[in-house]
Amino acid sequence: MDFMDLRRPEYSYMFGFLQADGHLSADSRQRGRLSLEVGVCDRELLERFQRLCPYPSAIRERTRTTNFSAEYTSATWSVHALEARETLRSLGLPYGRKSASIGPPDTDHLARDYVRGLVDADGAVGITAKGYPFLSLTTSSRPVSDYFCAFGLAVSGVPRHPGRNVRDDVFNILYTSDPAVAIARELYYDGSLALARKAAKAESVKAWERPAHMRARSAPRRWNEADDTVVLSHPADIAAELLGRTVASCAIRRWRLTKAGEPVEPAPPQLTLFS
């Protein structure tokens, strides 16, 4: 039985989605269940997951009042089989509250399918009101944030170094314009398993082209140890002239090194994109 063989794209995607939005609960005498609740408009995805799961499962709908809607109908997929639950647990889906403790699987898996599952569950993709493409992920997990940033760097060449926001203590990783297009094209390839509504939005992102009047962003320059030596040993205006940077950037870097004790930026984690 190859249930949750993460070398298969549908299972890598499914695992990413379950890590972000699924829930494993345990009770006495090895009882428990896997549950996944989505809006009824996304029920089709639950039916796909049900077909991918060789164990008995059920999908039920309910309507209730929420803070955002007077009448909200959802669909919940449930699996009770112990073997299925233990398989997911062994891959990195813990029982109980999990938002901050999940991490990418340490077994062979398909990165773009796993990341697409995360984005479909806890991310966003689309076009802003001003006509610019974007793709983002919100997560409480540092390992997931690092993995997503490594994936984004490998695909788009653009680094991200997010910190937790003050209000929610989560990481909000955002890509816009050309990097968002590159990542969307990698994630939402033809025939990939995905939420239909997000796949449709991804198509509009993939089709975006930079307007002729819009200047392309230059690749960011990373600070290195030699740059830091120049910044610390010269006034900001002299350092800027020597390094070919702005005075403001040199002044800020000097402040970070001397006042905030910031270390030299480490090289971003490397990610192997399995094909």
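Let us start with glutamate 61 and arginine 43, whose side chains meet in a salt bridge, with 2.9 Å from N to O. Please keep in mind that the model before us is a predicted one. Glutamate 61 sits in strand β3, residues 57–64, and arginine 43 sits in helix α2, so the pair links distant parts of the chain, 18 residues apart. How accessible are these two residues? Glutamate 61 is partly exposed, with a relative accessible area of 45%, and arginine 43 is partly exposed as well, at 25%.

For those new to the subject, the general idea is this: side chains of opposite charge can pair when their charged atoms come close. How many salt bridges does a search of the whole structure find? The search finds 18.

A second salt bridge brings together the side chains of arginine 197 and aspartate 42, at 3.0 Å from N to O. Arginine 197 belongs to helix α7, residues 196–206, while aspartate 42 lies in the loop between β2 and α2, so this pair ties together parts that are 155 residues apart in sequence. The two partners may also be described by their accessibility. Arginine 197 counts as partly exposed, at 40% relative accessibility, whereas aspartate 42 is buried, with a relative accessible area of 7%.

The third salt bridge I wish to show joins arginine 116 and aspartate 113, and their closest N and O atoms are 2.9 Å apart. Here both partners belong to helix α4; being 3 residues apart, they are separated by about one helical turn. The general geometry is worth recalling: an α-helix has 3.6 residues a turn, so residues three or four places apart point the same way. Are arginine 116 and aspartate 113 buried or exposed? Arginine 116 counts as buried, at 0% relative accessibility, and aspartate 113 counts as buried at 2%. Elsewhere, salt bridges that share partners join Asp2, Arg8 and Glu10 into one network.

I turn now to the aromatic rings. The count comes to 9 aromatic pairs. One of them is formed by tyrosine 13 and phenylalanine 49; this pair is tilted, with 6.2 Å from centre to centre and 55° between the planes. Tyrosine 13 is in helix α1, residues 9–21, and phenylalanine 49 is in helix α2, residues 43–52; the pair links distant parts of the chain, 36 residues apart. Tyrosine 13 counts as buried at 0% relative accessibility, and phenylalanine 49 is buried, also with a relative accessible area of 0%.

Another pair is made by tyrosine 114 and tyrosine 147. It is edge-to-face, at 5.4 Å centre to centre, with 90° between the planes. Which helices does it link? Tyrosine 114 is in helix α4, residues 111–122, and tyrosine 147 is in helix α5, residues 142–156, with these positions 33 residues apart in the numbering. Tyrosine 114 counts as buried at 1% relative accessibility, and tyrosine 147 is buried with a relative accessible area of 10%.

Ring pairs can also be followed from one residue to another: they link Tyr13, Phe17, Phe49 and Trp77 into a cluster. In addition, charged side chains lie over some rings. Arginine 112 lies over the face of tyrosine 189, at 3.8 Å from the ring centre, and arginine 245 lies over the face of tryptophan 223, at 3.8 Å from the ring centre.

My last topic is helix α9, residues 236–243, in which Ala239, Ala240 and Leu243 are buried. Seen down the axis of α9, the buried residues fall within an arc of 100°, so they line one face of the helix. What do these buried residues pack against? They pack against α8, residues 225–233, and α10, residues 247–258. On the other side of α9, Glu241 and Leu242 are exposed. The helix is followed by glycine 244, whose phi is positive, near 70°.

Aspartate 237 is also found in helix α9, and this residue is partly exposed, with a relative accessible area of 46%. How far is its C-alpha atom from that of phenylalanine 17? The two C-alpha atoms are separated by 49 Å, and the residues are 220 apart along the chain. Phenylalanine 17, as we saw, is one of the members of the aromatic cluster.

How values were computed: Residues numbered from 1 in each chain as written. Predicted model: local features only at pLDDT ≥ 70, side-chain atom pairs only at ≥ 80, totals over all residues. Heavy atoms only, no water. Phe/Tyr/Trp six-rings, centres within 6.5 Å; stacked < 30°, edge-to-face > 60°. Helix = DSSP H or I, 4+ residues; strand = E, 2+ residues; numbered from the N terminus. Buried < 20%, exposed > 50% of the residue type's maximum accessible area, 1.4 Å probe, protein only. Lys NZ or Arg CZ within 6 Å of the ring centre and 35° of its normal. Salt bridge = Lys/Arg side-chain N within 4 Å of Asp/Glu carboxyl O. Arc of directions from axis to C-beta. Contact = heavy atoms within 4.5 Å.
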